[in-house]
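Colleague: I am new to this structure and would love a friendly tour. Could we go through it one question at a time?

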Amino acid sequence: MSARSCRRCPLWERATQTVFGSGAPQARILLVGEQPGDVEDRTGLPFVGPAGRLLDRALTAAQINRDLCYVTNAVKHFKWGTTWPTKIA
């Protein structure tokens with residue numbers, strides 16, 4: 001897969017792996033997040049960290065079976081950072 005060898009942006013440099021989508025190939029519901037988080041980067045699975053737990057609660061509340069959905073991210077690598085802003089603008 002070309003995403004595994006993509007070097008078009010610097011996100012790949014610190015990522016542990018490419019995070020592809022998962023779910024039903026013929027899903028009628030497609031959910032696209034911005035980028036994988038650190039848990040997703042380590043596991044290689046989309047929406048398994050805090051955002052995934054929130055998504056699961058929302059899908060349950062809406063009575064939608066996640067197994068019938070396809071979940072992915074627009075960006076396939078987590079943007080690791082060594083420092084975090086101390087002030088939000």
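Modeller: Gladly, and let us begin at the end of a helix: just after α2, Gln 63 takes a positive phi of about 60 degrees. Helices here are DSSP runs of H or I with at least four residues, strands are runs of E with at least two, and both are numbered from the N terminus. Please keep in mind that this is a predicted model, where local features need pLDDT of at least 70 and side-chain atom pairs count only at pLDDT 80 or more, while totals for chains, interfaces and linings use all residues. Residues are numbered from 1 along each chain as its sequence is written, and side-chain values use heavy atoms, with hydrogens and water left out.

Colleague: Is Gln 63 buried or exposed?

Modeller: Gln 63 sits in the loop between α2 and β3. Buried means under 20% relative accessible area, exposed over 50%, and partly exposed in between, using a 1.4 Å probe and protein chains only. Gln 63 has 75% relative accessibility, so it counts as exposed.

Colleague: Which residues of α2 are buried?

Modeller: The expected span of a helix is 1.5 Å times one less than its number of residues. For the twelve residues of α2 that gives 16 Å, in agreement with the 17 Å between its end C-alpha atoms. The buried residues of this helix are Gly 52, Leu 55 and Leu 59.

Colleague: Within what arc do the buried residues of α2 fall, seen down its axis?

Modeller: The buried residues of α2 pack against β2 and β3, where contact means heavy atoms within 4.5 Å. The face turned away from them carries exposed residues, including Arg 57 and Thr 60. The arc is taken from the directions from the helix axis to the C-beta atoms. Seen down the axis, the buried residues of α2 line one face of the helix, because they fall within an arc of 60 degrees.

Colleague: What is the order of the strands in the sheet?

Modeller: Two strands pair if DSSP finds at least two bridges between them. β1 and β3 pair in the antiparallel sense over two bridges, and β1 and β2 are the edge strands, each pairing on one side only. The open sheet of three strands has mixed pairing and the order β1-β3-β2.

Colleague: Which side chain makes a polar contact with that of Thr 72?

Modeller: Thr 72 is placed in strand β3, and it is buried, with a relative accessible area of 11%. A polar contact is a pair of N or O atoms within 3.5 Å; within protein, one must be able to donate a hydrogen and the other to accept it, and residues adjacent in sequence count only if both atoms are side-chain atoms. At 2.7 Å, the partner of Thr 72 is Lys 76.

Colleague: How many salt bridges does a search of the whole structure find?

Modeller: A salt bridge is a side-chain nitrogen of Lys or Arg within 4 Å of a carboxyl oxygen of Asp or Glu. Arg 42 and Asp 38 meet in one at 3.2 Å. Arg 66 forms another with Asp 56. The whole structure has two.

Colleague: How far apart in sequence are the parts tied together by Arg 66 and Asp 56?

Modeller: The closest N and O atoms of Arg 66 and Asp 56 are 2.7 Å apart. Arg 66 lies in the loop between α2 and β3 and Asp 56 in helix α2, so the pair ties together parts separated in sequence by ten residues.
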